[in-house]
Amino acid sequence: MKTYRKGATGALTDEYEKALIELQALLSGISNAEFIAIKNPSLSDNSQSIRNIITHVIRSGYLYANYIRNRFGEEVFANEFKIETTEDAINNLEYMFLYTEVTLKDKGYLSHNDMMHLIIKTSWTTYDLEAIIEHAIVHILRHRRQIQIMVL
């Protein structure tokens, strides 16, 4: 039986994990050759290959967690990683999620109202805590779909 995390941040963390598990399952069926192949050379670097997309997803995931950590005055880490294979991608998605999970773990006490009033300024926009976590989840879903289309 599934155990659910507590509170609003727990619910969002559960959904974040679900999105990542779906992405990892998709990646597990992709060969290393297909993973690194340049599929869309006319697009930005982030979208040319599945590896580039996943690298972007992982960097972004760490960035979102670090914005949250900064807002709470918590220690931020550089989070260096290298991805050459689908296995590297799957593992690094897990490490990124664990970092995010630790970031959110002690914030289960926050009410929905608390989350809505906790403002986080990023380099591209301003979010409340709920919105930045939702953005992180949808970011994974959007790129999972992009990869699904690439491997059809």
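A residue counts as buried when its relative accessible area is under 20%. Asn79 has a relative accessible area of 18%, so Asn79 is buried. I start there because 18% is under the 20% cut-off for that word. Before going on: what you see above is a predicted model.

Where is Asn79? It is found in the loop between H3 and H4. Its phi is near 55°, which is a positive value in a residue other than glycine. As background, most residues other than glycine have a negative phi.

One of the residues that touch Asn79 is Asn66. Asn66 is found in helix H3. With a relative accessible area of 11%, Asn66 is buried too. Leaving aside residues up to four places away in sequence, Asn66 touches Val76, Phe77, Asn79 and Tyr99. Two of those names, Phe77 and Tyr99, come back in an aromatic cluster, which they form with Tyr62 and Phe81. Tyr99 also has a charge over its ring: the charged end of Arg69 sits 3.9 Å from the ring centre. A second case of this kind is Lys107, which lies over the face of Phe72 at 4.5 Å from the ring centre.

Next, the helix packing. Two packed helices are described by the angle between their axes and the distance between the axes. I have two pairs to show, and H3 is in both.

Take H3 and H4. Their axes come within 9 Å and cross at roughly 10°. An angle under 35 degrees counts as roughly parallel, and H3 and H4 are therefore roughly parallel to each other. On the H3 side, the contact is made by Ile54, Val57, Ile58, Gly61, Tyr62, Ala65, Asn66, Ile68 and Arg69. On the H4 side, the residues include Ala89, Leu93, Met96, Tyr99 and Leu104. What is the division into nonpolar, polar and charged for the contact of H3 with H4? It is 13 nonpolar, five polar and one charged.

Now H3 and H6. H3 covers residues 50-71 and H6 covers residues 129-150. These two pack at an angle of about 175°, with their axes 11 Å apart. Over 145 degrees counts as roughly antiparallel, which makes H3 roughly antiparallel to H6. From H3, the residues that meet H6 include Ile50, Ile53, His56, Ser60, Tyr64 and Tyr67. From H6, they include Leu129, Ile133, His135, His139, His143, Gln146 and Met150. The residues of this contact divide into 14 nonpolar, six polar and no charged.

Back to H4 for one residue, Met96. Is Met96 buried or exposed? It is buried, with a relative accessible area of 0%. Not counting residues up to four places away in sequence, Met96 touches Tyr16, Leu20, Val57, Ile58, Gly61 and Tyr62. Val57, Ile58, Gly61 and Tyr62 are among the H3 residues in the contact with H4. Met96 and Leu20 are 76 residues apart in sequence, and their C-alpha atoms are 9.9 Å apart in space.

That leaves the aromatic pairs. How many does the structure hold? There are seven aromatic pairs, and I will go through two. In the pair of Tyr16 and Phe97, the ring centres are 5.9 Å apart and the planes are at 45°, so the pair is tilted. This pair links distant parts of the chain, with Tyr16 in helix H1 (residues 7-28) and Phe97 in helix H4 (residues 86-105), 81 residues apart. Both Tyr16 and Phe97 are buried.

The other pair is Tyr67 and Trp124. Their ring centres are 5.7 Å apart and their planes are at 80°, so this pair is edge-to-face. Tyr67 lies in helix H3 and Trp124 in the loop between strand E1 and strand E2, so the pair ties together parts that are 57 residues apart in sequence. The two partners are not alike in accessibility: Tyr67 counts as buried at 16%, while Trp124 counts as partly exposed at 39%.

Last, a residue from the loop that holds Trp124. Ser123 is also placed between E1 and E2. At 66% relative accessibility, Ser123 counts as exposed. Ser123 and Lys105 are 18 residues apart in sequence and 25 Å apart in space, C-alpha to C-alpha.

Conventions
Residues numbered from 1 in each chain as written. Predicted model: local features only at pLDDT ≥ 70, side-chain atom pairs only at ≥ 80, totals over all residues. Heavy atoms only, no water. Axes fitted to C-alpha atoms, helices over the stretch in contact; angles between N-to-C directions. Helix = DSSP H or I, 4+ residues; strand = E, 2+ residues; numbered from the N terminus. Parallel < 35°, antiparallel > 145°, perpendicular 65-115°, else oblique. Contact = heavy atoms within 4.5 Å. Nonpolar A, V, L, I, M, F, W, Y, C, P; charged D, E, K, R; others polar. Phe/Tyr/Trp six-rings, centres within 6.5 Å; stacked < 30°, edge-to-face > 60°. Buried < 20%, exposed > 50% of the residue type's maximum accessible area, 1.4 Å probe, protein only. Lys NZ or Arg CZ within 6 Å of the ring centre and 35° of its normal.
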